[in-house]
Amino acid sequence: MMHWQKLGQVYHRQREAGWWHSHTMAPSAICLNDEVIRVFLGCWDSAGISRIGYVDVSAERPNEVLAVSPRPVVDIGRPGCFDDNGVFPGHATRVGDTIYLYYTGFQLGEKIRYFNFGGLALSRDGGQTFTRASEAPILDRADEGLSVRAGQSILYESGAFHTVYSAGSDWVDVGGYLRPTYDVYYQSSPDGLAYQRSGQRIVTHDASVEHGLGRPQLVRLGERYVVLYTRRTLDMKYHFGLSLSDDLQHWERADHLANIAHGTGFDSEMVYFPSLVSVPGSGRRFLFYAGNGFGRDGLGVAELHGDFP
């Protein structure tokens with residue numbers, strides 16, 4: 001029987017000077033080797049603008065921090081670009097010798113608060129430096145997502161880049177702010193760069209309790225495909241959900257299997273932005289996540305035991 005074991009807080013950025021003032025937003029974890037997990041993060045400056053940095057942790061003891069990013073690995077874009085007001089990780093994936101770091105760009109709006117579209121940065125030196133694949137989004141505005149089309153995650157199998165992402169166009173008042181609504185979509189890409197204007201909607205948010213299903217992650221566990229996502233609930237007590245598939249086309253929502261409960265400290269209000277990573281060699285599976293305030297109160301980790309039904 002599968003279950004999640006919470007292992008506690010990993011790292012908390014406490015209002016330091018410079019480019020990384022606070023927050024460990026939107027973690028995305030990748031194994032650098034059998035001993036080190038790199039967790040890419042959205043790192044906020046004092047103005048609340050995010051750049052992508054990282055913490056390295058022990059693959060045996062994931063609460064043990066080994067290194068902290070001294071500078072951003074992906075900075076904000078040039079003025080006028082889709083990511084000129086912030087970037088945060090979608091998901092990092094290794095394909096051959098290249099790390100694909102998919103990310104979400106922020107651009108401020110006038111009649112709506114902001115736009116989110118999806119970018120890609122590539123590293124060929126083991127994650128030390130990244131270069132944008134394009135200054136334009138690789139997931140751009142389309143009818144399925146006029147204000148949000150981003151947060152993509154890939155699963156590379158048999159030469160295909162199977163991709164899930166969030167997309168939507170409407171906004172609702174939640175917690176005194178207009179917030180975007182979006183669902184989870186799927187499509188396949190031949191190279192992880194070129195995408196069609198529309199995908200298949202595979203998981204739809206429940207508007208009676210949620211305003212969106214955020215930053216999905218696609219993984220394969222055993223014989224089943226799993227999409228993890230954040231349930232952005234109307235009470236702002238965000239938590240995880242997941243859906244299961246045998247063929248990437250037909251999906252069954254099974255949120256009860258993502259039952260990582262809120263704690264009493266840094267994650268008492270939010271468990272947010274799940275990122276599941278499997279450690280080669282040991283086979284252990286860790287899920288990193290952001291705590292309260294979109295990661296303001298720190299980064300957490302849980303371990304998955306057992307298999308999905």
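Two strands count as paired if DSSP finds at least two bridges between them. Keep that in mind as you work through these exercises on a predicted model.

**Exercise 1.** Which residue in S18 is the bridge partner of Thr230?

*Solution.* Start with the strands. Strand S17 covers residues 224-233 and strand S18 covers residues 239-245. Seven bridges join the two, and they run antiparallel. Now look for the partner of Thr230 in S18: you'll find Phe240.

**Exercise 2.** Work out the strand order of the open sheet that holds S16, and say which strands stand at the edges.

*Solution.* First, a bit of background: strands of a sheet pair through backbone hydrogen bonds, either parallel or antiparallel. Here the order is S16-S17-S18-S19, and the pairing is antiparallel. S16 and strand S19 (251-253) each have a single partner strand, so one side of each is left without a neighbour in the sheet. Those two are the edges. Going from one strand to the next, the twist averages 30 degrees.

**Exercise 3.** Now do the job again for the open sheet that holds S2.

*Solution.* Line up the four strands: S2-S3-S4-S5, with antiparallel pairing. Strand S2 (22-31) and strand S5 (65-68) pair on one side only, which puts them at the edges. Ignoring direction, neighbouring strands are turned by 30 degrees against each other on average. Then zoom in on strand S3 (residues 36-44) and strand S4 (residues 50-58): nine bridges hold this antiparallel pair. In one of them, Val39 has Val55 of S4 as its partner.

**Exercise 4.** Is His211 buried or exposed, and what surrounds it?

*Solution.* Find His211 in strand S16, residues 210-221. Its relative accessibility is 0%; the cut-off for buried is under 20%, so His211 counts as buried. Next, skip its neighbours within four places in sequence and check its contacts, which include Val172, Val174, Pro180, Leu234 and Tyr238. With Tyr238 there's also a polar contact of 3.2 Å between the side chains. Another contact is Thr181: although 30 residues separate it from His211 along the chain, their C-alpha atoms are 4.9 Å apart.

**Exercise 5.** Why does Cys31 not form a disulfide?

*Solution.* Two cysteine sulfurs have to be within 2.5 Å to count as a disulfide. The closest cysteine sulfur to that of Cys31 belongs to Cys43, and at 19 Å it's too far for a bond. The count for the model is zero disulfides. As for accessibility, Cys31 is buried at 12%, and Cys81 is buried too, at 13%.

Notes
Residues numbered from 1 in each chain as written. Predicted model: local features only at pLDDT ≥ 70, side-chain atom pairs only at ≥ 80, totals over all residues. Heavy atoms only, no water. Buried < 20%, exposed > 50% of the residue type's maximum accessible area, 1.4 Å probe, protein only. Contact = heavy atoms within 4.5 Å. Polar contact = N/O pair within 3.5 Å; in protein donor to acceptor, adjacent residues only side chain to side chain. Axes fitted to C-alpha atoms, helices over the stretch in contact; angles between N-to-C directions.
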